[in-house]
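Trainee: I would like to go through this structure with you and ask, for each label, what justifies it.
Mentor: Let us look at it together, then, and set each value against its rule.

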Amino acid sequence: MKRRNFIAGTVLAPAAAAAPVSVSGKPALLGGAPVRQTAFPSWPVQDSLESTGLSEVLRSGKWGRGTGKTVGRFEEAYAKTTGAKACLATANGTSSLLVALSALGIGPGDEVIVPPYTFVATINVILQNFALPVFVDTDRDTFQIDARKVEAAINPNTALLMPVHLGGSVADLDTLLVIGEKRRIPILEDAAQAHLAEWRGKSVGTFGRAGCFSFQASKNLNSGEGGAIVSNDEALIGQCYAFHNNSRGRNTAGADFSYQARGLNLRLTEFQAAILLAQMSRLKQQSKTREENAAALTAMLKQVPGIAPATMYANCTRNAYHLYMFRYDPAHFSGLPRAGFLKALQAEGIPCSGGYSPLNREPLLKNTLMSKGYRRIYGEKRLKDWFEQNQCPVNDRLCGEAVWFTQTMLLTERAGMEQIAGAIARIQRHAADLAKL
Ligand SMILES: *Cc1c(COP(=O)(O)O)cnc(C)c1O
């Protein structure tokens, strides 16, 4: 196929005008040289800032929260970054969600509305509280929860809306906030993948009652493990503090053993906070690089028939690009199945994956909901109805079409984006031969 044919039929808005995608050479799987011969940037990035911060904590002998001041300093800095009134650091992102759910009083009998296109932690914390996750189908264009379908899933047992800002993009907060207000249901934002993402110029995590972040090793802000809850409700963060500190509040003196509520120990260490403070010094610049590279890549991939980059809602003013996601249509690649496309792209030196499989179909749900405790709480009929209503056909389809690049690939030089687009174009041109492999 000639390049003219290759981009035919694509109408480009002037603003989106991008360098034409260059197609050359044979695919690596058919004996050609890989388009990219060097590795993408490694992750995490670190230098003397991290080692100085770590050795200061080490030498201080104050390694845990309570004696040291580093966790508090990080919380202050992160609250400021997000514009939230208060922040609590936790041991990891999963525990930030668990703590927030507990502070919001989510428990047995409650239904929590979630997307099926997310990491399993989003629903594990719901199940841990013996609540019922209710899946609302995905918006195929944005990969986010389809906010237009949320209201139909609400009933008197609905206790929480838990949108996820998947991939660093932002769920349709305008629609969700209106529904939450109208139906008087709180919103908890799972922003584990969305550090610095913004909606209408304001940081995610600050729109609902609280927002939860993860600092796990793969995330855009990373301390190996770590998490945080932000909120404009200082009393709520106070309750979160007590829960994450084995029922002991901020002002509980050493010998005060009056416990007001359940708790766990889910504290962040001083070492992790030191790393986070150092990592935060690079976060804005890294985010800017990701955004610029993603924009360039999108402008190129939009020219490729059969490749549909995830779109953003109009009021998503900043995408954190934890993931770069697009849909792949084999019909434009001589029927080459997605697995074959992924393999061919990897052979070109472009790491990629097919992303999530349908979470609402995972055996963990059946196994948990059929457990003794769940049957006792919900009864046979309610559980039967749950299984019947648990259908997300758009998401099922999307899970078979998706292709992901990770955030670190967006930290490379601009030529890397051209290589990605070039590799895809090369695969397309030779798709018929690749399909025969
Ligand atoms: C990473 C992640 C979590 C959990 O965070 P951990 O720090 O790994 O516990 C929760 N939700 C989403 C959407 C995530 O991507």
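Trainee: By class, how many nonpolar, polar and charged residues does the shell around the ligand have?

Mentor: In this predicted model, the shell has five nonpolar, nine polar and two charged residues. When you read those classes, bear in mind that Gly counts as polar.

Trainee: Which residues come nearest to the ligand?

Mentor: Of the 16 residues around the ligand, those that come nearest are Gly-93, Thr-94, Gln-193, Ser-214 and Lys-219.

Trainee: What makes the approach of Ser-214 to the ligand a polar contact?

Mentor: The rule asks for a pair of N or O atoms within 3.5 Å, and a polar side-chain atom of Ser-214 lies 2.6 Å from an oxygen atom of the ligand, so the pair meets the cut-off. Gly-93 also qualifies, with a polar backbone atom 2.7 Å from a ligand oxygen, and so does Lys-219, where a side-chain N or O atom is 3.0 Å from an oxygen atom of the ligand.

Trainee: How much of the ligand's accessible area does the protein cover?

Mentor: On its own the ligand has 380 Å² of accessible area, and the protein covers 93% of that. The space that the ligand takes is the largest pocket.

Trainee: Which elements give two or more residues to the shell around the ligand?

Mentor: They are α4 (93-103) and α5 (121-128), and α4 gives the most, with three residues.

Trainee: Why is the pair of Tyr-117 and Tyr-356 called edge-to-face?

Mentor: Their centres are 5.2 Å apart, and the rule for a pair is within 6.5 Å; the planes stand at 75°, and angles over 60 degrees count as edge-to-face, so both conditions are met. By this rule the count comes to 21 aromatic pairs.

Trainee: What parts does the pair of Tyr-117 and Tyr-356 tie together?

Mentor: Tyr-117 lies in the loop between β2 (111-114) and α5, and Tyr-356 in the loop between α9 (338-347) and α10 (363-369), so the pair ties together parts that are 239 residues apart in sequence.

Trainee: Which peptide bond is cis, and where is Pro-44 placed?

Mentor: The bond from Trp-43 to Pro-44 is cis, with omega near 5°, and Pro-44 is in the loop between α1 (3-7) and α2 (48-60).

Notes:
Residues numbered from 1 in each chain as written. Predicted model: local features only at pLDDT ≥ 70, side-chain atom pairs only at ≥ 80, totals over all residues. Heavy atoms only, no water. Near = heavy atom within 4 Å. Polar contact = N/O pair within 3.5 Å; in protein donor to acceptor, adjacent residues only side chain to side chain. Areas by Shrake-Rupley, 256 points an atom, 1.4 Å probe, with all protein chains shown as cover. 1 Å grid on protein atoms, 1.4 Å probe; cavity = no way out; pocket = protein on both sides within 12 Å on 5 of 7 lines; lining within 4 Å. Sits in = over half its atoms within 2 Å of the grid points. Helix = DSSP H or I, 4+ residues; strand = E, 2+ residues; numbered from the N terminus. Phe/Tyr/Trp six-rings, centres within 6.5 Å; stacked < 30°, edge-to-face > 60°.
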